[in-house]
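Student: I am new to this structure, and I would like to learn how the words used to describe it are justified.

Tutor: Then let us look at it together and set each value against the rule behind the word.

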Amino acid sequence: MNQPVSGFSKKSKEEKIEWLAENYLQNNPDSVQILKKYWNEDASLQQLHDDFIENTLSNYYLPFGIAPNFLINGKLFALPMVTEESSVVAAASNAAKFWLERGGFMAEVISTEKNGQIHFNFFGSEKSIEAFFEEVKPKLRESIQSIEKNMKARGGGLLELLLIDKSHILDGYYYIHASFETLDAMGANFINSCLEQMAHTFEEEARNFETFQKNETYPEVVMSILSNYVPECLVRAEVSCKVEELTTKHYDGKQFAEKFVRAIEIAKTESRRAVTHNKGIMNGVDALVLATGNDFRAVEAGVHAYAARNSYYGSLTHAKIENDLFTFWIELPLAVGTVGGLTSLHPLTKLAFEILQKPNAKELMKILAVAGLAQNFAAVRSLVTTGIQKGHMKMHLMNILNQMHASKEEKEKALEYFITNPVSHSSAVDFLKKLRG
Ligand code: MEV
């Protein structure tokens with residue numbers, strides 16, 4: 001039976017690995033070596049990674065790939081993508097090439113407002129909390145002057161403070177909704193620091209408010225935190241072309257466009273389809289969010305909440321045919337940064353920004369929306385034509401061959417054979433077995 005451990009974080013890295021091997025990996029004689037194999041031989045680079053989190057033991061590699069030929073608002077980009085899913089980069093590259101020949105992607109930022117809330121309890125009269133809020137509002141602003149100074153100098157900072165009464169849903173529950181402009185920063189630290197300071201001032205000032213004193217009822221802050229739901233930080237990306245331009249040697253443009261639009265309508269109507277549809281979009285978005293050192297959990301949470309904003313969960317993309325013009329577009333709420341966090345710390349993240357030609361946050365929002373739209377185009381195009389397994393399994397073939405420890409020659413033969421034969425797990429295994437006699 002394993003025992004709890006205390007003071008674990010204070011142990012050295014070697015000691016932590018030893019402890020892990022002794023307590024949880026007794027049956028694996030290679031465990032220590034596996035963990036150490038992934039250490040970087042450049043000690044200062046390794047130290048940088050060790051310091052990202054607590055209790056680092058090793059590094060966990062994911063492929064860093066590139067999808068070229070993205071024409072966005074007339075400018076060419078190659079998108080750095082970090083993902084483990086075999087077909088994602090290939091699909092993105094395909095969609096980029098397809099639209100490169102049809103005018104490329106257009107993208108625009110609609111709004112850039114972030115937000116956070118000070119959630120509090122108040123069991124007195126609605127009038128008294130409203131009166132107090134009006135009185136304290138300037139003091140809340142004043143109290144964050146020093147936190148806001150640099151952000152304000154660059155043109156950002158706190159925008160608005162609103163009192164929201166939710167006591168009809170949860171007894172005594174109110175919050176202060178604060179909106180912010182955080183420019184090129186994702187803004188989580190800035191927003192949270194502002195909120196915590198304002199919450200402190202709010203409670204302190206409440207103690208001196210006469211009506212509260214008279215009734216001996218004071219507001220009590222429960223918590224202060226930014227929201228990852230950012231429907232006021234919105235970007236739109238679009239592709240369009242004449243229906244006949246969609247014709248390829250494999251399909252007729254009109255038929256394809258109609259089936260494609262139908263597939264989007266299905267994803268708008270049925271949540272079971274919408275979730276997978278949007279997952280495909282996030283294959284592209286997350287890969288780029290990861291490559292640029294942004295917080296993919298925040299982006300995921302916000303995007304899916306947005307997909308459910310109309311009280312049901314639906315597609316994040318839209319498509320229509322009007323006057324023989326096919327238009328396909330996406331709208332995404334994205335709070336991302338090009339400064340702060342990992343963006344300037346992780347060497348590969350820095351490189352990703354160089355590859356993207358040093359975008360600011362608004363430009364990054366546009367590129368991300370395009371990545372999502374392109375990924376969705378590639379997925380839905382496959383789904384309504386060949387089915388996805390053909391392309392997916394082709395890309396997955398190498399994983400199956402690696403699982404079976406195929407040699408270089410075996411891989412070459414398999415790749416050749418599966419150009420004309422359908423790939424499945426069993427057909428790849430059978431092929432190797434036959435080859436090996
Ligand atoms: C697989 O990772 C993503 C897809 O399922 C997305 C979709 O169904 O639209 C292909």
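Student: What makes the approach of N283 to the ligand a polar contact?

Tutor: In this predicted model, a polar side-chain atom of N283 lies 2.9 Å from an oxygen atom of the ligand, and because a pair of N or O atoms within 3.5 Å counts as a polar contact, the pair qualifies. Taken alone, the ligand exposes 300 Å², of which the protein buries 84%.

Student: Which distances apply to R273 and K279?

Tutor: An N or O atom in the side chain of R273 is 2.8 Å from an oxygen atom of the ligand, while for a polar side-chain atom of K279 the distance to a ligand oxygen is 2.6 Å.

Student: Which residues are around the ligand, and which helix gives the most to that shell?

Tutor: Among them are E85, T276, H277, G280 and A379, and the helix that gives the most is α10, with 6 residues. Both α10 (271-291) and α13 (361-384) supply at least two residues each, and the shell divides into 3 nonpolar, 4 polar and 3 charged residues.

Student: Where does the ligand sit?

Tutor: The ligand sits in the second largest pocket.

Student: Why is S315 called buried?

Tutor: S315 has a relative accessibility of 9%, and since buried means under 20%, S315 is therefore counted as buried. S315 is placed in the loop between α11 (296-307) and β9 (317-322), and a polar atom of its side chain lies 2.7 Å from the backbone oxygen of T317.

Technical notes:
Residues are numbered from 1 along each chain as its sequence is written. This is a predicted model: local features need pLDDT of at least 70, side-chain atom pairs count only at pLDDT 80 or more; totals for chains, interfaces and linings use all residues. Side-chain values use heavy atoms; hydrogens and water are left out. A residue is near a molecule or strand if one of its heavy atoms lies within 4 Å of it. A polar contact is a pair of N or O atoms within 3.5 Å; within protein, one must be able to donate a hydrogen and the other to accept it, and residues adjacent in sequence count only if both atoms are side-chain atoms. Accessible areas come from the Shrake-Rupley method with a 1.4 Å probe; for residues, only the protein chains shown count as cover. On a 1 Å grid over the protein atoms alone, a cavity is a set of points where a 1.4 Å probe fits but cannot get out, and a pocket is an open set with protein on both sides within 12 Å along at least five of seven lines; lining residues have an atom within 4 Å of a point. A molecule sits in a cavity or pocket if more than half of its atoms lie within 2 Å of its grid points. Helices (H or I, at least four residues) and strands (E, at least two) are DSSP runs, numbered from the N terminus. Ala, Val, Leu, Ile, Met, Phe, Trp, Tyr, Cys and Pro count as nonpolar, Asp, Glu, Lys and Arg as charged, and the others, Gly among them, as polar. Buried means under 20% relative accessible area, exposed over 50%, partly exposed in between (1.4 Å probe, protein chains only).
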